[in-house]
Amino acid sequence: NGQRVTSNVYEIDGVSVNSLTWGGAAVVTPNSESVQDMTIVANSYSAVDGRNSGAHIKVTSKSGSDEFHGSGVFRFQDPNFNAYNKWGGPNNAPAVRVDTKYRQYGGSIGGPIKKDKLFFFFSYEGLTNHSQSYGQNWVLTPQFRQQVTEARPNSILAKICQTSNVTPRILAVLNNDCSAFASQPQTQCRAVDGGLDIGSLQAPLGPGNPYVANTFNGGGLDNIPDLQYVEYYSPTTQQGNQYNGRVDYQLTSKDLIAGSVYFTNLDQTSADAASASMPSADVPFKPLNSAITGIYIHTFSPVVLNELRSNFTRFADNQVTIGRA
């Protein structure tokens with residue numbers, strides 16, 4: 001109703017699972033097998049729907065019953081079932097297909113621990129996804145990296161160029177011409193075998209060899225390719241698991257105690273498009289999300305009851321540690 005996305009509220013079993021870091025996002029997204037029902041309130045809020053003025057998305061988790069019940073689900077996607085796109089793209093790019101290996105699976109089971117008194121429910125959902133997208137960009141040529149390594153072997157740049165994971169994931173080298181530099185007449189350019197020659201390194205840095213600014217082509221053209229325009233592929237891998245459990249205890253005819261837990265772990269690595277999918281720029285993402293809820297309901301009369309709810313939610317991801325791994 002015109003509100004910002006940060007005005008939305010997400011609840012599981014009556015308590016908030018909103019992210020405090022990313023407004024408008026939920027710390028936990030319940031797996032489908034664990035959802036009993038879902039209600040969305042967008043206006044005419046009751047007193048219980050305080051705090052936010054956007055949509056209130058309320059999920060109730062499944063509970064066990066006096067009979068055992070179970071369920072299962074499986075989703076399968078594989079590139080072997082996908083056709084190639086006849087048109088590869090501009091610059092005579094090769095034809096590609098949707099290269100996604102997607103597996104999603106889950107199940108649930110629930111039933112009595114003690115008939116009419118104590119019930120349990122458990123659900124699980126897993127996901128593995130290997131996919132890749134495609135893009136086009138300018139990249140440094142192997143010849144240029146070799147030239148840097150030989151000319152300045154002790155430099156930081158040379159150490160970077162010698163690292164095996166700085167080579168972009170190149171699918172094909174596309175047509176290269178100097179039209180990209182048409183708006184920069186100060187830059188010399190020559191199309192050579194393997195890419196474009198736009199200059200050469202100057203004399204090695206050091207005493208007597210100061211850096212000269214504003215030299216667009218360094219030491220001049222040398223017929224060695226420095227840049228090439230390529231089509232690259234960017235892979236993404238995901239593996240995730242979510243575990244959900246709930247226990248309900250009918251303490252008396254007027255007292256109900258219940259508790260639910262959700263734990264979701266994800267192991268994801270994504271390529272960086274700006275680097276033309278250079279492996280050294282891959283971004284790891286390995287969060288552990290959790291939501292733990294406790295509920296106590298006392299019924300005073302058919303029209304009066306009291307609900308006491310408490311919960312703990314957490315999004316945990318140490319990207320400094322996993323970035324060093």
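1. Helices here are DSSP runs of H or I with at least four residues, and strands are runs of E with at least two, numbered from the N terminus. On that basis, the secondary structure of this predicted model comes to three helices and 15 strands. The chain is more spread out than a compact globule, because its radius of gyration is 29 Å, well over the 20 Å that the globule rule gives for 325 residues.

2. The overall dimensions may be set beside that value. Taken along the principal axes, the box filled by the C-alpha atoms is roughly 90 × 45 × 40 Å. The accessible surface of the chain amounts to about 18,900 Å², and carbon and sulfur atoms contribute 55% of this area. Of the 325 residues, 34% are buried. Among contacts with a separation of 6 or more, 65% are between residues 24 or more positions apart.

3. Turning to the interior, the largest nonpolar core has six residues: Ile12, Val17, Val27, Val28, Tyr262 and Ala291. In soluble globular proteins, nonpolar side chains tend to be buried together. Valine 28, a member of this core, is in contact with Ile12, Val17, Gln242, Tyr262, Asn289, Ser290 and Ala291, when neighbours within four places in sequence are left aside.

4. Threonine 293 belongs to strand β14, which spans residues 288–301. Its relative accessibility is 8%, under the 20% limit, and threonine 293 therefore counts as buried. Beyond its neighbours within four places in sequence, threonine 293 is in contact with Ile12, Asp13, Val15, Ala258, Gly259, Ser260, Ser310 and Asn311. Two residues in this list recur elsewhere in the note: Ile12 is part of the largest nonpolar core, and Asp13 takes part in a salt-bridge network.

5. The count of salt bridges comes to six. One of them joins the side chains of aspartate 13 and arginine 246, with an N to O distance of 3.3 Å. Aspartate 13 lies in the loop between β1 (9–12) and β2 (15–16), whereas arginine 246 lies in strand β11, so the pair ties together parts that are 233 residues apart in sequence. Both aspartate 13 and arginine 246 are buried.

6. Arginine 246 has a further partner in aspartate 248, and the closest N and O atoms of that salt bridge are 2.9 Å apart. Aspartate 248 is buried, as is arginine 246. Asp13, Arg246 and Asp248 are thus linked in a network of salt bridges.

7. Another salt bridge is formed by the side chains of aspartate 282 and arginine 169, at 2.8 Å from N to O. This pair links distant parts of the chain, 113 residues apart: aspartate 282 is in the loop between β12 (255–270) and β13 (283–285), and arginine 169 is in the loop between α2 (156–161) and β8 (170–173). Is each partner buried or partly exposed? Aspartate 282 is partly exposed, with a relative accessible area of 23%, while arginine 169, at 16%, counts as buried.

8. On the surface, a nonpolar patch is formed by Ile109, Phe122, Tyr243, Phe263, Leu288, Ile292 and Phe312, which together have about 620 Å² of accessible area. Tyrosine 243 of this patch lies in strand β11 (residues 227–252), the strand that also holds arginine 246. With a relative accessibility of 36%, tyrosine 243 counts as partly exposed.

Notes
Residues are numbered from 1 along each chain as its sequence is written. This is a predicted model: local features need pLDDT of at least 70, side-chain atom pairs count only at pLDDT 80 or more; totals for chains, interfaces and linings use all residues. Side-chain values use heavy atoms; hydrogens and water are left out. Patches are made of residues with over 30% relative accessible area and no salt bridge: like charges are joined within 9 Å, nonpolar side chains (Val, Leu, Ile, Met, Phe, Trp, Tyr) within 5 Å. Accessible areas come from the Shrake-Rupley method with a 1.4 Å probe; for residues, only the protein chains shown count as cover. A salt bridge is a side-chain nitrogen of Lys or Arg within 4 Å of a carboxyl oxygen of Asp or Glu. Buried means under 20% relative accessible area, exposed over 50%, partly exposed in between (1.4 Å probe, protein chains only). A nonpolar core is a set of buried Ala, Val, Leu, Ile, Met, Phe, Trp, Tyr and Cys residues joined through side-chain atoms within 4.5 Å. Contact means heavy atoms within 4.5 Å. The radius of gyration is taken over C-alpha atoms; the globule rule is 2.2 Å times the number of residues to the power 0.38.
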